[in-house]
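User: I am new to this structure and would like a close look at a single part of it, with enough of the surroundings to place that part. Please take your time over the answer.

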Amino acid sequence: VARTSCFAFKGKSDDVREIGRSLQVNSVLEGSLRRNHDVVRVHVQLIDVNDGCQLWGRKYERCLTDVFGVQDEIASAIVNALRIEFPRVRNERQLRPTSDQQAHTLYLKGRYWWHRWNPDALRKAAGFFQQAIERDPAYAAPYSGLADSYFLQGFWGYGRPRDIMPRAQAAARKALELDPLLAEAHCSLAMVESAWTWNSARCEAELLCCMELNPGYALAKAKYATSYLNPLGRFDEAVEWLLRALELDPLSPNLHGDLAVNYALRGLYDQSETEAARVIDMDPDVPLKVYWYQIFSRGARGDWPGAIAAAERAMNAAPEHAVTLGIAAWACASGGLDERAENIRNQLEQLARTRYVPPLALVTAHLPFATGDMIFALLNRSLEEREPLLRYSRVYFPLYRLRSDPRYRALLEKVWLDQ
């Protein structure tokens, strides 16, 4: 089970049997860790969730420099206790991640902040990954983390893609140069190949390699759906991969958000609303895409008051996020609130005077009233910037009104979506 779902229970006193049911597993490993200077004491026990009985337990005391050895020893003991035989996979290797415990700690701190996905958290994550690299330049994992941090900053418009995405690509390639069998690094490169180089074939190849190396990596299965299949309009296949990812990470708000988006893309608006409500209940820091597709789903059904309500919630959650403001302006204009739409457009234009604003945000804000020539001029600016969200032109609801325009087909061809 993936980290996101496991950490949902951190610091809580839930009954282990209830945890097992929530995670859909038969056994749960629980434990405690105490650190005294350079010595770490670990107490772990494996619990059968059906009756709450202990299957196995042990205490370890090791020097911090041998933390990876403790991890390997615990994993081996659990396999033996459960009498599990795992299939052989390519990821059997002797390479140790790092001998520098401080570098590993910095990497873990980076991943902690990366999972939060907001701009400040992503910058903090990148800082920790950089520190880990400075401690051990041969440690591959922080380069993968750095690539993921840069990627999300560029993808969500927190900086100019032409400045950020090449750094993401370089970091992912460096991780693979250091450790070609690091599954996470193949996933990092796949996301860049999809959203920056717009190359579906290379994106798919990297994700398939990642999943061969680590079949239990939930993010790779989700990205096969969202980075490879969704942009090509293959939504029915995408949902199958999302459900596989959720089997590995059943409590991930981000994966449930991806599922809500998939339902909306397939026109299953009731299911999308149900899944979006689940995400909002799970995590107050809802991924913005959940609000976006609530707006799109309600707009598609003609429920513009509901779409505008979702837009207001999205702006409260991210008052200066450019694409969110663009979508909110589009929803208000489409729902007849012209004055409110104009105020949001002015806010967006003001924002663009002080920092980078993705052209697609401006496209979305002006779509209800602007001429086709103005819209395609802005879309050409988006192409010049190689804006990552253009990869989703085929499935971006506000652009649907452009489908009959030959310039729209030309746009799809330029981002390799005519496949």
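Is Arg 386 buried, partly exposed or exposed?

Analyst: Arg 386 counts as partly exposed, because its relative accessibility is 22%, and a residue has to fall under 20% to be called buried. This comes from a predicted model, and what follows should be read with that in mind.

To place the residue along the chain, Arg 386 belongs to the loop between helix H19, which covers residues 372–385, and helix H20, which covers 406–414. Its backbone deserves attention as well, since Arg 386 has a positive phi of about 50 degrees although it is not a glycine. As a general background, most residues other than glycine have a negative phi.

The surroundings of Arg 386 come from other parts of the sequence. Not counting residues up to four places away, Arg 386 touches Pro 161, Arg 162, Trp 196, Thr 197 and Trp 198. Pro 358 can be added as a further reference point, for its C-alpha atom is separated from that of Arg 386 by 9.9 Å, with the two positions 28 residues apart along the chain.

One of the residues touched by Arg 386, namely Trp 198, can be followed further. Trp 198 is found in the loop between helix H8 (183–195) and helix H9 (200–213), and it too has a positive phi, near 60 degrees, in a residue other than glycine. In accessibility, Trp 198 counts as buried, because its value is 2%, whereas Arg 386, at 22%, counts as partly exposed.

Helix H8, which precedes the loop of Trp 198, leads on to another residue of interest, Phe 151. Phe 151 sits in helix H6, made up of residues 140–155, and with a relative accessibility of 3% it counts as buried. Leaving aside neighbours within four places in sequence, the contacts of Phe 151 are Met 165, Ala 168, Met 191, Val 192 and Ala 195. The C-alpha atom of Phe 151 is also separated by 8.4 Å from that of Arg 167, which lies 16 residues away along the chain.

Phe 151 also belongs to the largest nonpolar core, which has 125 residues, and it is among the members that touch the most other members, together with Trp 292, Ile 295, Phe 296 and Leu 379. Helix H16, residues 322–334, gives the most to this core, with 10 residues. Phe 296 can serve as a second example from that group: apart from residues up to four places away in sequence, it touches Ile 327, Trp 330, Tyr 396, Phe 397 and Pro 398. A second, separate core holds 6 residues, including Val 40, Val 42, Val 44 and Leu 46.

Helix H6 also takes part in an enclosed space. There is 1 cavity of 30 Å³ or more, and about 340 Å³ of space lies in the largest cavity. Its lining consists of 20 residues, of which Phe 155, Trp 156, Lys 289, Leu 389 and Tyr 392 lie nearest the centre. The elements that give two or more residues to this lining are H6, helix H10 (218–229), helix H12 (253–265) and helix H14 (288–300). By type, the lining residues of the largest cavity divide into 14 nonpolar, 3 polar and 3 charged.

One of these helices, H12, also borders a loop, and that loop, between helix H11 (235–248) and H12, contains Pro 250. Pro 250 counts as buried, because its relative accessibility is 8%, and its C-alpha atom is separated by 7.9 Å from that of Ser 22, although the two residues are 228 residues apart along the chain.

For the wider setting, the protein has 20 helices and 3 strands, and buried residues make up 54% of its 419 residues. Of the contacts with a separation of 6 or more, 57% are between residues 24 or more positions apart. Returning to the starting point, Arg 386 is thus a partly exposed residue with a positive phi, placed in the loop between H19 and H20 and touching, among others, Trp 198.

Terms used:
Residues numbered from 1 in each chain as written. Predicted model: local features only at pLDDT ≥ 70, side-chain atom pairs only at ≥ 80, totals over all residues. Heavy atoms only, no water. Helix = DSSP H or I, 4+ residues; strand = E, 2+ residues; numbered from the N terminus. Buried < 20%, exposed > 50% of the residue type's maximum accessible area, 1.4 Å probe, protein only. Contact = heavy atoms within 4.5 Å. Core = buried A, V, L, I, M, F, W, Y, C linked by side-chain atoms within 4.5 Å. 1 Å grid on protein atoms, 1.4 Å probe; cavity = no way out; pocket = protein on both sides within 12 Å on 5 of 7 lines; lining within 4 Å. Points joined across faces, edges and corners; volume = space filled by probe spheres on them. Nonpolar A, V, L, I, M, F, W, Y, C, P; charged D, E, K, R; others polar.
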